[in-house]
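Colleague: Could you take me through the salt bridges in this model and the surroundings of the residues that form them? I would like the cut-offs stated as you go.

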Amino acid sequence: TLEKLEDFLSPKSFVRCHSGIIVNCKYIHSIGSTKIDLTNGESIPISRHRVKEVKHSFHLYLRGM
């Protein structure tokens, strides 16, 4: 399950943005209110209730670089 995968992955580099999607912060280009734009040009949806958490995790990731 994704819950088990989340426990295995580093919380400093990976964040869950939707019920079925975990994204590596390394590949995030920008975060909007409804989607995440990736460095490869693709966009993935972001749950409304996860936006704040995803932005916070991404900012922590950027600070750690």
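Modeller: A salt bridge is counted here when a side-chain nitrogen of Lys or Arg lies within 4 Å of a carboxyl oxygen of Asp or Glu. The model is predicted, so local features need pLDDT of at least 70 and side-chain atom pairs count only at pLDDT 80 or more, while totals for chains, interfaces and linings use all residues. Residues are numbered from 1 along each chain as its sequence is written, and side-chain values use heavy atoms, with hydrogens and water left out.

By the salt-bridge rule the count is three. In one of them, the side chains of Glu 6 and Arg 16 meet with N and O 3.1 Å apart. Glu 6 belongs to helix α1 and Arg 16 to strand β1, so this pair ties together parts that are 10 residues apart in sequence. Helices (H or I, at least four residues) and strands (E, at least two) are DSSP runs, numbered from the N terminus.

Arg 16 also forms a salt bridge with Glu 3, where the closest N and O atoms are 3.4 Å apart. This pair links distant parts of the chain, with Arg 16 in β1 (residues 14-18) and Glu 3 in α1 (residues 2-8), 13 residues apart.

The burial of these partners can be stated with fixed limits: buried means under 20% relative accessible area, exposed over 50%, and partly exposed in between (1.4 Å probe, protein chains only). Arg 16 is buried at 8%. Glu 3 is partly exposed at 45%, and Glu 6 is partly exposed at 32%.

The remaining pair is Asp 37 with Lys 35, whose closest N and O atoms are 3.6 Å apart. Asp 37 is partly exposed, with a relative accessible area of 21%, and Lys 35 is partly exposed as well, at 38%. Salt bridges that share partners join Glu 3, Glu 6 and Arg 16 into one network.

The side chain of Arg 16 has further polar contacts (N or O atoms within 3.5 Å; within protein, one must be able to donate a hydrogen and the other to accept it, and residues adjacent in sequence count only if both atoms are side-chain atoms). One of its polar atoms lies 2.5 Å from the backbone oxygen of Ser 19, and the backbone oxygen of His 18 lies 3.4 Å from a polar atom of this side chain. Contact in the wider sense means heavy atoms within 4.5 Å. Leaving aside neighbours within four places in sequence, Arg 16 is in contact with Leu 2, Glu 3, Glu 6, Ile 21, Ile 22, Arg 50 and Val 54.

Strand β1 also has a part in the largest nonpolar core. Such a core is a set of buried Ala, Val, Leu, Ile, Met, Phe, Trp, Tyr and Cys residues joined through side-chain atoms within 4.5 Å. Of its 13 residues, Cys 17, Val 23 and Ile 36 touch the most other members. The elements giving two or more residues to this core are β1, β4 (35-38) and α2 (51-64), and α2 supplies the largest share, four residues. Outside its neighbours within four places in sequence, Ile 36 has contacts that include Cys 17, Val 23 and Val 54.

As for the setting, the protein chain has two helices and five strands, which run α-β-β-β-β-β-α from the N terminus on. Of its 65 residues, 29% count as buried.
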